[in-house]
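Work through the exercises below with the sequence and the structure at hand. Try each task before reading its solution.

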Amino acid sequence: MTESVHAHNVLNMLLEDGADFSLDSLRQAVVALYGEDVRFHTCSLQDLTFDALLTFLLDRRKVIQDGDKIMANRERMCSH
């Protein structure tokens, strides 16, 4: 069975002290932690691939991409 991980887990990775991720390094970290077949869910969506999750987070400005860097946007994150 494919594991489903809440999007908050990825956002929390971006918020860790010293976090410095590019899109590729974030993808690699997620795969290393959860495996190739991981799927994600949010409060409103289910069964998202990493790419679909990232699109969702970028569209809602919960993450910001600045060049190759990607970072969490604390101001747009929910607190539950």
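The exercises that follow deal with the sheet, the helices and a few single residues.

The model is predicted: local features need pLDDT of at least 70, side-chain atom pairs count only at pLDDT 80 or more, and totals for chains, interfaces and linings use all residues. Residues are numbered from 1 along each chain as its sequence is written, and side-chain values use heavy atoms, with hydrogens and water left out.

**Exercise 1. The sheet**

Find the order of the three strands in the open sheet and state which strands stand at the edges.

Solution. Start with the terms: strands (E, at least two residues) and helices (H or I, at least four) are DSSP runs, numbered from the N terminus. Two strands pair if DSSP finds at least two bridges between them. The order is 2-5-4, with antiparallel pairing. Strand 2 (21-22) and strand 4 (63-66) each have a single partner strand, so they are the edges, and one side of each lacks a neighbour in the sheet. Next, look at strand 4 and strand 5 (residues 69-72): four bridges join these antiparallel strands. Among the pairs, Asp66 has Lys69 in strand 5 as its bridge partner.

Now add the helices, taking contact as heavy atoms within 4.5 Å. Helix 1 (residues 7-15) packs on the sheet and touches strand 2, strand 4 and strand 5. The direction of helix 1 makes about 110 degrees with that of strand 5. Helix 3 (residues 50-59) also packs on the sheet, touching strand 4 and strand 5, and its direction makes about 95 degrees with that of strand 4.

**Exercise 2. Helix 1 and helix 2**

Describe how helix 1 and helix 2 cross, and sort the residues of their contact.

Solution. Two packed helices are described by the angle between their axes and the distance between the axes. Axes are lines fitted to C-alpha atoms, for helices over the stretch in contact, and angles run from 0 to 180 degrees between N-to-C directions. The axes of helix 1 and helix 2 (residues 23-34) come within 11 Å and cross at roughly 125 degrees. Helix 1 and helix 2 are therefore oblique to each other; angles under 35 degrees count as roughly parallel, over 145 as roughly antiparallel, 65 to 115 as roughly perpendicular and the rest as oblique.

From helix 1, Asn9, Val10, Met13 and Leu14 meet Leu26, Ala29, Val30, Leu33 and Tyr34 of helix 2. Sorted by type, the contact has eight nonpolar residues, one polar and no charged. Here Ala, Val, Leu, Ile, Met, Phe, Trp, Tyr, Cys and Pro count as nonpolar, Asp, Glu, Lys and Arg as charged, and the others, Gly among them, as polar.

**Exercise 3. Val10**

Is Val10 buried or exposed, and what is it in contact with beyond its neighbours within four places in sequence?

Solution. Val10 lies in helix 1. Val10 has a relative accessible area of 2% and is buried; buried means under 20%, exposed over 50%, and partly exposed in between (1.4 Å probe, protein chains only). Leaving aside those neighbours, Val10 is in contact with Leu26, Val30, Phe40 and Leu53.

**Exercise 4. Positive phi**

Locate Asp47 and Arg61 and give the phi of each.

Solution. Most residues other than glycine have a negative phi. Asp47, in the loop between strand 3 (39-41) and helix 3, has a positive phi of about 60 degrees. Asp47 is exposed, at 57% relative accessible area. Arg61, in the loop between helix 3 and strand 4, has a positive phi near 55 degrees. Arg61 is partly exposed, at 49%.
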